[in-house]
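Trainee: I have a model open and keep tripping over the vocabulary. Can we go through what the terms rest on?

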Amino acid sequence: MKKVIAVLLMASMCMATLMGCGANGGGKQEVYVYNWGEYIDPEVLNQFEEETGIKVIYDEFETNEIMYPKVEAGAAVYDVVCPSDYMISKMIENDLLQKINFDNIPNAKANIGAQYYETAKEYDPTNEYSVPYCWGTVGILYNKTMVDEPIDSWSVLWDEKYKDNILMQDSVRDAFMVALKLNGNSMNSLDEAELNAAKDLLIEQKPLVQAYVIDQVRDKMIGDEAAIGVIYSGEAIYTQRENENLEYVIPKEGTNVWIDSWVIPKNAKNVECAEKFIDFMCRDDIALKNFEYITYSTPNDAAKALIEDEDIRNSEIAFPDLTKYNNLETYVYLGEDGDALYNELWKEVKSK
Amino acid sequence: MRNALKKLYITLILIFLYAPIVTLIVLSFNKSKTRAKWGGFTGKWYISLFKNDDIMAALGNTLLIAFVSSLVATIIGIIACIAIQAMKKRSRSIVIGITNIPMLNADIVTGISLMLLFITLGIRFGFMTILLAHISFNIPYVILSVLPRFKALNPSTYEAALDLGASPFRAFMKVVFPDILPGVLSGFLMAFTMSLDDFIITHFTKGAGIDTLSTKIYSEVKKGIKPEMYALSSIIFISVLVLLFLVNYMPKENKKGD
Amino acid sequence: MNKKILSAPYLLWSVVFIIIPLLMVFYYGLTDKSGAFTLENILAIATVEHSKALWLAIKLSIESTIICLILAYPLSMILAKLNVNQHSFIVFIFILPMWMNFLLRTLAWQTLLEKTGVINSILKTIGLPGINIINTSGAIILGMVYNFLPFMVLPIYNSLSKIDKNVINAARDLGANGFQTFLKIMLPLSTPGIISGITMVFVPALTTFVISTLLGGSKILLIGNVIEQEFTQTGNWHLGSGLSIVLMIFIIVNMLITAITDKDGEGTML
C-alpha cells in the first residue's frame with residue numbers, strides 16, 4: 001500500500017510541474033488583445049511590436065456574445081478588448097471594465113472626432129471607459145444584376161421573389177433590429193408584444209433565407225451566391241472592390257449606427273501596455289493603415305484627412321452623412337432579463 | 001461484369017471521399033483571395049504561407065501538441081496495458097470501461113467537461129490545457145491498439161528472461177517490447193492523427209492567443225479562409241501521402257528477400 | 001514486483017481528466033446560478049426549441065448512420081476479398097483523408113455544393129439540372145456520412161476479413177447459395193463490426209455542431225448547436241450542462257451496447 005501512495009504522490013507531483021509551465025515566466029512586456037476577426041492590419045501589430053518592444057498576443061472573436069462569457073469567466077485574461085456599444089454598457093454595468101486614464105492616451109482626444117464621443121455617451125455616459133475604434137451602419141447589400149427594382153427598404157428581405165437568395169445576419173440583435181425597424185419599432189424595444197411581432201416576422205422570413213451568416217456574407221455576395229444580404233457598411237466597400245455589381249443601401253426605415261471601441265477589462269494584467277496599444281491605434285497614420293486594410297469607417301478625423309483617394313473620403317458608404325437618414329439608433333444594453341428574452345425568442349426562430 | 005460493378009462502386013466511394021480534398025488542392029492554386037471566384041493559376045500562396053507568422057505558429061502548436069500528447073499517451077498507455085494484463089477479470093472490465101469513455105463520449109461533452117475542470121482548478125487556458133486534453137483523449141487509442149498485442153504474447157518468454165537474470169525493465173525492453181511494437185506504433189499514429197484532426201475539444205480548452213490549425217481555420221471560416229491555409233493543408237496531405245506510399249511499399253521488397 | 005501498481009498513473013489520470021470532469025458536468029447541470037439544486041436544466045429539454053433540436057439531431061444521425069451502413073457493408077465485403085497483404089493499405093486509404101483538416105474537408109463541400117459551386121457548374125455544362133441541397137438537412141446528412149463513413153467501414157472490414165475462408169467454403173460445399181451464405185455466415189459473424197460501426201457513427205453525428213453550422217447555413221439547429229451556444233454565446237453553463245446530461249443518456253445506452261457485444265473488451269476499431 002505504501003508503494004501505491006508513493007507512486008500516486010510522484011505522479012501528482014509530475015502533473016503539478018507540468019501545469020506550472022502554463023504560467024508566464026520572465027519580465028517581458030506583453031499585451032493580450034481580443035479583437036474582432038480580420039479587424040486590424042497585421043502589419044500594424046508588427047509595427048507596434050517593433051516600436052515599443054511589447055509583444056502582442058492577439059486573439060479574435062466573431063460576435064460580442066462569444067466575447068462576453070470569455071472575459072467574464074476570466075479564464076483568459078485580456079488587456080485590451082474591442083466590443084460594440086451595447087456590450088460596453090453591459091460590461092460597465094457588470095463591473096468588468098476599468099476607467100481609462102486618457103492622460104496616457106494623448107492621441108485619443110487629439111485625433112478622434114468629438115461627435116463620436118458624443119454618440120458614445122449613449123453606452124458610456126461619462127466617456128471614461130472606451131475609445132472609439134471603428135463605426136458604421138448596417139444595411140442591405142444587393143447584386144444589381146439579380147434584382148429588378150431599386151432597393152430602399154428592409155421589406156425586400158420578405159419578398160418571395162428572392163427566396164433562397166437572401167442572407168440574414170446570424171446574431172440576435174442584428175436579426176431583431178431588422179424586424180423591429182420594419183415594424184416601425186425601436187430596435188432597443190423591451191415591449192413583449194413588439195418583440196413577439198418581430199419574432200413572428202423572422203419566422204415568416206425563415207423559408208426565404210438561404211443562410212444565416214455573420215461574415216461569410218462577404219464571400220457569398222462576391223461569388224454571386226445570393227442576391228441580397230444584410231451586411232455591415234465596412235464590408236460593403238471591400239465587396240464592391242471584388243464585385244462591381246454590388247450596391248449598398250441604408251433602408252428608409254432606419255438602421256443601427258454602431259461604434260466598436262477599445263476598452264480595458266478590470267482584470268487586465270498589463271494596463272500600461274494596454275494604454276500604449278490604444279494610443280498607438282489612435283495615431284493618424286496607424287488608423288489610416290487599418291482603414292485601408294479593413295475598410296471599416298474610422299472615427300479618427302486626423303486619419304480621414306490623410307486619405308488620398310477623394311472618392312473614398314467622400315464615400316457615402318464609408319463616411320455617410322447621418323443627418324440625412326431617419327430613425328438611426330445605437331444599441332443599448334437591455335439588462336440580463338432583456339438579453340434572456342431576446343435569446344429565447346431567437347432560439348425559437350432558429351429552431352423553427 | 002460483377003468485377004466491373006465492384007470496381008465502379010469502389011471508384012465512386014473513393015471519388016466521394018477524395019473530391020473535397022482535390023477541391024482544396026485546386027483552391028490552393030487560386031489567384032483570387034476568395035474561394036468564391038477562380039482568378040487564375042498561381043503558386044504564390046505556397047510562398048507567402050511561410051511568411052505568415054500566424055499560420056506558422058498554429059502549425060507549430062498543432063504538431064507539437066500532436067507529438068507530445070501522443071508520446072505521453074503512448075507511455076501512459078503501455079504502462080496501463082501491463083497493469084491491465086495482470087488484473088483480475090472484474091477490475092479489468094472496469095478499467096476498460098473507463099478507457100472507453102473518452103472514445104464513446106461525445107467530443108462536445110468531453111470538451112465541456114474539461115473546460116469546467118480547468119476553470120474550477122483555476123488553470124489559465126493555453127497550451128497546457130490543450131495538451132492535457134489531447135493526452136486524455138489519446139490514451140484510449142493507444143490502449144486499445146496495444147492491449148490485443150499483450151494478449152497474444154507468450155508470458156513464458158518474459159519469465160524466462162527474468163530467470164536468466166535480466167532485470168524486469170531489461171526483460172521487458174528486450175523480450176516484450178519488440179512483440180508489442182507494431183501495436184505501439186499504430187496506437188501512436190492513431191493518437192497523432194486524432195490529435196491533429198481534433199477541433200471540438202480544442203475549441204473548448206484553448207485560451208487567449210494560442211491557436212491550432214483547427215481553431216485557426218474555424219475563426220477564418222467566418223471571414224473566408226485565407227488561401228495560404230489551403231496551401232498548407234495540401235502540403236501536409238501530399239507529404240503524408242508520399243510517406244505512406246514509401247512505408248507501404250518499402251518493407252514489402254525487404255520481405256521478399258527473407 | 002506487483003504489476004498492478006503500474007496502473008496507478010493511468011488510473012490517476014483517468015480520475016482527474018475523465019471522471020472528475022464528467023462529475024463537474026453533472027454538478028453544473030443539477031444546480032442553478034446560485035448553486036442550489038435544481039432539475040430545471042435537465043427538464044429544459046422538454047421545451048419546444050430544445051426537444052425539436054434533439055429530435056432533429058436524432059433523426060439526422062439515424063439517417064446518416066443507415067446510409068453509412070448501406071454504403072459501407074458492400075464496400076467492406078469487396079475490400080475483404082482483396083489480397084490480405086493490402087490490409088494496412090486499405091486502412092490507410094480511409095484514414096488518409098483525416099490528414100486534411102476536418103473543418104477544411106467539410107468546408108470544401110460548401111464549394112462543391114453551392115448554387116454556383118463545382119458540382120452545379122459541371123451539371124450545367126453537360127446540360128443537366130442543378131442540385132440545390134446546400135443549407136438543407138440533406139447537406140448535413142451528406143456531411144455526416146462523408147466525415148464518419150471511415151468509422152463504419154473499418155470495423156466492418158476488420159470483422160469480415162477475420163472470417164475464416166474455410167467456413168464460407170464449407171457452407172458452399174453443403175449447398176448454400178450466395179445469399180444463404182451471406183445471411184447465415186457473413187452477417188452473424190460481422191455483427192460485432194456492424195454494431196461497433198453504428199456506435200462509432202451515431203454518437204458523433206448526434207452531437208455535432210460543426211457540420212450543421214458549416215453545411216446547414218445556421219438555419220438548422222441541432223442539440224449540439226444549442227449546447228455549444230449555451231457555453232460560448234449565451235453563457236448559461238448550467239443549462240448547457242443540463243442538456244449535455246440528457247445527451248449523455250444516449251451515449252451511455254450506446255456504451256452499454258458496446259460493452260455487451262464486445263465481451264473481450266478488445267474493441268473492433270483497430
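Mentor: Sure, let's start with the sheet in chain A: it is open, has 3 strands in the order β2-β1-β3, and the pairing is parallel. This is a predicted model, where local features need pLDDT of at least 70, side-chain atom pairs count only at pLDDT 80 or more, and totals for chains, interfaces and linings use all residues. Residues are numbered from 1 along each chain as its sequence is written, while chains are lettered from A and ligands numbered from 1 in the order in which they are written.

Trainee: What makes β1(A) and β3(A) a pair?

Mentor: Two strands pair if DSSP finds at least two bridges between them. β1(A) and β3(A) are joined by 2 bridges, so they meet that definition. Across this pair, Y34(A) sits opposite V81(A) in β3(A).

Trainee: And why are β2 and β3 of chain A called edge strands?

Mentor: Each pairs on one side only.

Trainee: On to chain B. How many helices and strands does it have?

Mentor: 11 helices and 0 strands. Helices are DSSP runs of H or I with at least four residues, strands are runs of E with at least two, and both are numbered from the N terminus.

Trainee: How do you know that the length of helix α1 of chain B agrees with its residue count?

Mentor: The expected span is 1.5 Å times one less than the number of residues. The 26 residues of α1 (residues 2–27) should therefore span 38 Å, and the end C-alpha atoms are 37 Å apart, which agrees.

Trainee: Where does α1(B) bend?

Mentor: At Y18(B), by about 45°, with the proline P20(B) following within four residues. That bend is the angle between axes fitted to the seven residues ending there and the seven starting there.

Trainee: Which residues of α1(B) are buried?

Mentor: I13(B), P20(B), I21(B), T23(B), L24(B) and L27(B). Buried takes 20 or more other C-beta atoms within 10 Å of a residue's own, placed from the backbone; 12 or fewer is exposed, and in between is partly exposed. Over chain B, 46% of the 258 residues count as buried.

Trainee: How many residues of chain C are in contact with chain B?

Mentor: 67, meeting 68 residues of chain B. Contact needs C-beta atoms, placed from the backbone, within 7 Å. On chain C's side, α1(C) gives the most, with 13 residues.

Trainee: And between chains A and B?

Mentor: That contact takes 27 residues from chain A and 18 from chain B.

Technical notes:
Two residues are in contact if their C-beta atoms, placed from the backbone, lie within 7 Å.
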